[in-house]
Structure formats: C-alpha cells, structure tokens
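Q: I would like to go through this protein slowly and understand what justifies the words used for its parts. Could we take it one term at a time?

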Amino acid sequence: MGLIQELLQNNRQWAADIKKETPDFFTKLSKQQNPLFFWIGCCDSRVPANQIIGLLPGEVFVHRNIANIVNSADMNCISALQFAVDLLQVRHVILCGHYGCGGVQAAVHGEGHGMIDYWIWDIKAILTRHELLAAQTTPERLDDLMCELNVIEQTYELCRTKVIREAWGRGQAVSVHGWIYGIQDGLLQEVIPEVSRLADVGQVYDVALTAVTQKYVGG
Ligand code: CO
C-alpha cells in the first residue's frame, strides 16, 4: 500500500473506531463546534495540539505557525483569535511553545532561511531585548532559555491584542496561558501564570521573567 493510501485507510479505521464507541459523534459535531479552548502553537510535527492535551475533535480550536508567534499585523493569527474569542467564546487561550524549536534556533543562531528570516524577525528582537540575560546563561542552555522567553513575549503580545483587550474590557471570561512543551518527555509546563484581566498582565510578565532568570542564570 502506498503512503497516501495508508493515510486514507487510517482515516477510515479511525472514523469507524469513533463511531463504534459513540455512534452519533460526527453527526452531533457536524451541527456545531463548541470548544472551550483556543491553542496557538508551533507547526512542529512533534507538537500536535489535540493529542498532547488529550482532547477530541471539537474540543480545541487551533492556530499553528512557525515558532508560535503572535503579531497584531498577522491577519491569519489575529483572525483565528477573533473567531475563537468573539464568536466561539472560548474560555481559555493557550499559547504553547516547545523546547528544541527550529524557528527559535534559527533566530538565535542567525542561519539564512529565506522567507523564514522575515517571519522569525520578532524572535530576533526578543533576543536583543533580553541580551543581558542571554549573555548570563551557558551556550548549551541558551536555546531553551530563548524558547521560554519566546513563550513569555508571545503571551504578552497576545494579552495586548485588540481582541483580548476588548474581550476583557466588556467583562468576557477568557483567560490567557503561556506553556512550554518538552519534546523529550511529552510534558507541558506553565511558563507564564494564568491571566484574565488587563491590569494583571504586567505583573504576570514580571513573575514569569523573574522565574526564567532564576532558572537560567547561575544555576
Ligand atoms: Co517550533
């Protein structure tokens, strides 16, 4: 069987297995989606949103891009965010980075990758912003530090988007989370504490930055 035929065969088996367990699963889902979570993650094939948080189709709305970047000028990410927050009324927005992120590594080590260089420009700016901190860790730990700083900064950007600020402004119950995933052990860790109002954003940013500094400097 060819590789692609195998995928289609896998799909038929998967759909049959779900129907066996829950006969009306797909008919129910086809009528509406009602996810409580919006996931912003990296494209990396080792970080599949649904599987690592144990959720079924219909339970998490997903946007992925190289190095989980949130930029208010990115129509794709912001449109997905707006759809999730304004229309689907998700309760939690999760920004999830991961260790060993190729996008972060490319930004840190300055390798040429054509178009990707423009995309990861925001991460180069993060390195510049935190160059004193970066200079105080060991070269072996720099990539991990940058993956965590990227989560902190992208989560901060997420909190400052018009979509999130307006949702909080009208009293909508939506929380923002910043996590990192270990491709070496399959485990998630919280990098930035949960935040659910604009007034707390600066404080959680400081808490997260202090924790990362303690973890990577002099340890
Ligand atoms: Co990545």
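Q: Why is Gln 172 called buried?
A: This is a predicted model, and in it Gln 172 has a relative accessible area of 11%. The word buried is used under 20%, so with its 11% Gln 172 is rightly called buried.

Q: Where is Gln 172 placed, and which residues does Gln 172 touch?
A: Gln 172 belongs to the loop between α10 (162-169) and β4 (175-181). When residues up to four places away in sequence are not counted, Gln 172 touches Val 85, Gln 89, Val 90 and Ala 167.

Q: What makes the pair Gln 172 and Arg 170 a polar contact?
A: The side chains of Gln 172 and Arg 170 are joined at 2.9 Å. A polar contact needs a pair of N or O atoms within 3.5 Å, one able to donate a hydrogen and the other to accept it, and the 2.9 Å between these side chains lies within that limit.

Q: Why is Ser 72 called partly exposed?
A: Ser 72, which sits in the loop between β2 and α4 (75-87), has a relative accessible area of 48%. Buried would need a value under 20% and exposed a value over 50%, so Ser 72 with 48% falls in between and is called partly exposed. Leaving aside neighbours within four places in sequence, Ser 72 is in contact with Ile 78 and Thr 161.

Q: What makes Cys 42, His 98 and Cys 101 donors of the cobalt ion?
A: The atoms concerned are SG of Cys 42, NE2 of His 98 and SG of Cys 101, and they lie 2.1 to 2.3 Å from the cobalt ion. Donors are N, O and S atoms within 2.8 Å of the metal, and these protein atoms meet that limit. Along the chain, the donors follow the spacing C-x55-H-x2-C. Cys 42 in strand β1 (residues 37-42) and Cys 101 in the loop between β3 (92-98) and α5 (102-109) are 59 residues apart, and this pair links distant parts of the chain.

Q: How do you know that Cys 42 and Cys 101 are buried?
A: The relative accessible area is 6% for Cys 42 and 2% for Cys 101. Both values are under 20%, so both residues count as buried.

Q: What makes β2 and β5 the edge strands of the sheet?
A: The open sheet has five strands in the order β2-β1-β3-β4-β5, with mixed pairing. Within this sheet β2 (60-65) and β5 (188-195) each pair on one side only, and they are the edge strands.

Q: How do you know that β1 and β3, and likewise β4 and β5, are paired?
A: Strands pair if there are at least two bridges between them. β1 and β3 have five bridges in the parallel sense, with Gly 41 bridged to Cys 96 in β3, while β4 and β5 have five bridges in the antiparallel sense, with Ile 180 bridged to Gln 189 in β5.

Q: Why is the protein chain called as compact as a globular protein of that length?
A: The secondary structure of the protein chain comes to eleven helices and five strands. The radius of gyration of the protein chain is 19 Å, and the globule rule gives 17 Å for 219 residues; the two values are close, so the chain is described as being as compact as a globular protein of that length.

Terms used: Residues numbered from 1 in each chain as written. Predicted model: local features only at pLDDT ≥ 70, side-chain atom pairs only at ≥ 80, totals over all residues. Heavy atoms only, no water. Helix = DSSP H or I, 4+ residues; strand = E, 2+ residues; numbered from the N terminus. Buried < 20%, exposed > 50% of the residue type's maximum accessible area, 1.4 Å probe, protein only. Contact = heavy atoms within 4.5 Å. Donors = N, O, S within 2.8 Å, 3.2 Å for Na, K, Ca; no water. Rg over C-alpha atoms; globule rule 2.2 N^0.38 Å.
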